[in-house]
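Subject: Handing over a two-chain structure

Hello,

Here is the structure I promised to pass on to you. Please open it alongside this email, and I will walk you through what turned up.

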Amino acid sequence: MKKTILLGMLGCLCFAVSVRAQLQKGTKYVGGTVSFSGYNNRPNKEVDQPTNFNQISFNPSLQVGSFVKDKVMVGVGAGAALYFGWTKSKFSGALPDFKENRQTYSLSPFIRHYKSLSPKWAIFLNSSAEFLFLRSRMNVVPFDIIENGFAAGIQIIPGISYWISPRFALESDINLLSLSTGYRNFQDTKSLYFTSAATSNLNSYFSIRASWYLQKP
Amino acid sequence: MLFAQFEDKQFLSGSAGINFGNTNPENVMSTNNYGYNFDISIGKFKTNTKAVGWRLTNSLGGGKSLYTTYDQTGLPKEYDKSGINNISIGAGRFWQFYKHFNDKIGIFGGPGIDLTFSKAHVYEVSSDSRYISENKSDKIQLSVGLSAGLYYRFSEKWWVTGSIAFSNPIALDYSFLSSNTLTDDNKYKSHQLNYSLSPNFTFPSVGFGLRYFYNR
């Protein structure tokens, strides 16, 4: 009889601590990632009409959220994809310098459902609504062409988290398994899109994000 | 349960990967690509779950590439540029962290830093399909990469390994480029600095290898 009660209590204890501290209601979340790339091309000295070509792309993103109940987080993400390209010619009779930039700014409120796999691993499903502002600018004297557009859609993407310490985790959205759909209006084209990894050109299958899970003290 | 102790054991590893690809876009040109990469490394386990070492890498790639240009009268001219089109050699240092599941199987992963020298040439048809140009590049690159793999220990001194993913989060390279259209000999030479920080994983190829534990 004592054994049964003892085992029963142990069983209840297991249930009670099955939600890890990091995924409990009230935990706050901050996550972010950044990537950039670019190049600078300079012609050799012997080229008689030298033009320098330069390009840089920069993509930061930040998410903040809070667990509204155990294993469910609600939050908002903000991100940007910025591209700048420019040329410089330093010889007489050169065509005017060309400057181009493309910017995408996004705001995406999301809800994320977690499933804990072990003390250090968890998987999640991220469902978000995305609102994007798109802008492109091409500047070659005397022309300066600016175009603005927008897009809105929803996206579902699974992911995985690994806790390196109780407050810090590395997470990855598995772009390979994402689904998104929406409407885009930019550069005189209006389009409805539905993409999954099978139909879109992915340059990365998993993107990594640094995240902090901050419990109430 | 005491797993095999690896601390202070030294090893020689070799691994090779091959990749194939085929692209068949709507217009005339279709390409088949093939390539291999091969590396040998020497390392030592500092603790039961951490190994460090040096590696030499080598890769080669080529393809079957056919291009067509059209002159003013619309007459097509075909170019067969099939064959090897890139080659690289490099050296680097790696750190690997292990998780041994049992006496036979485990996974490992970790960073490495590599200095690589590569040569490539790529052909390009102009947007009006009138000219074909050849773009050669000699590149020297310093990169930080991440790789992961799994191993199977089939005897006391031998492992079989497979690499399952890798990424190049940080890369910096300096290239010497030369570009000319094939119809004239006017070369446009330039030099270029490329840089990137991109924390993501891709699966470009799977490699398999062998590891031999020597001495002790």
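Let me start with chain B, which has 0 helices and 11 strands. Read along the sequence, its elements therefore follow the pattern β-β-β-β-β-β-β-β-β-β-β. Please keep in mind that this is a predicted model. The scores for the model are ipTM 0.72 and pTM 0.75. For chain B, the mean pLDDT is 84, and 89% of the residues reach 70 or more. Among the elements of chain B, S5(B) has the highest mean pLDDT, at 92, while S10(B) has the lowest, at 72. Both of these strands come up again below.

**Around S5(B)**

S5(B) covers residues 83–100 of chain B, and it pairs with strand S3(B), residues 50–70, in the antiparallel sense over 14 bridges. If you would like a spot to look at, find Thr57(B), which stands opposite Gly90(B) in S5(B).

S5(B) also pairs with S6(B), residues 105–125; these two strands run antiparallel and are joined by 13 bridges. Here you can look for Ile87(B), whose bridge partner in S6(B) is Lys119(B). How many residues does the hairpin use to join S5(B) to S6(B)? The link runs through 4 residues.

As you follow these strands, it may help to recall that side chains in a regular strand alternate between the two faces of the sheet.

On chain B as a whole, buried residues make up 12% of its 216 residues. Taking contacts in chain B between residues at least 6 apart in sequence, 61% join residues at least 24 apart.

**Over to chain A**

Chain A has 1 helix and 10 strands. Where does the helix come in the order of elements? From the N terminus on, the run is α-β-β-β-β-β-β-β-β-β-β, with the helix at its start. Of the 217 residues of chain A, 13% count as buried. Among its contacts between residues at least 6 apart in sequence, 59% join residues at least 24 apart.

The largest nonpolar core has 9 residues in all: Leu23(A), Tyr29(A), Phe67(A), Met73(A), Tyr114(A), Ala122(A), Phe124(A), Ala169(A) and Tyr213(A). As a general point, nonpolar side chains in soluble globular proteins tend to be buried together.

Tyr29(A) is a good residue to select from this core. Leaving out residues up to four places away in sequence, Tyr29(A) touches Val64(A), Gly65(A), Ser66(A), Met73(A), Gly75(A), Ser211(A) and Tyr213(A). Met73(A) and Tyr213(A), listed among those contacts, also belong to the core.

**Where the chains meet**

Across the interface, 16 residues of chain B are in contact with 17 residues of chain A. On the chain B side, the elements that give two or more residues are strand S9(B), residues 187–197, and strand S10(B), residues 200–201. Which of them gives the most? That is S9(B), with 10 residues. By type, the residues on this side of chain B divide into 7 nonpolar, 8 polar and 1 charged.

Strands also pair between the chains: S10(A), residues 206–214, and S10(B) run antiparallel over 2 bridges. To find this pairing on screen, look for Ser207(A), whose bridge partner in S10(B) is Asn200(B). When you look at it, remember that S10(B) is the element of chain B with the lowest mean pLDDT, 72.

Enjoy exploring, and write back with any questions.

Best wishes

Methods: Residues numbered from 1 in each chain as written. Chains lettered and ligands numbered in written order. Predicted model: local features only at pLDDT ≥ 70, side-chain atom pairs only at ≥ 80, totals over all residues. Pairing = 2+ DSSP bridges. Core = buried A, V, L, I, M, F, W, Y, C linked by C-beta atoms within 7 Å. Buried ≥ 20, exposed ≤ 12 C-beta atoms within 10 Å, placed from the backbone. Contact = placed C-beta atoms within 7 Å. Nonpolar A, V, L, I, M, F, W, Y, C, P; charged D, E, K, R; others polar. pLDDT = per-residue confidence, 0-100.
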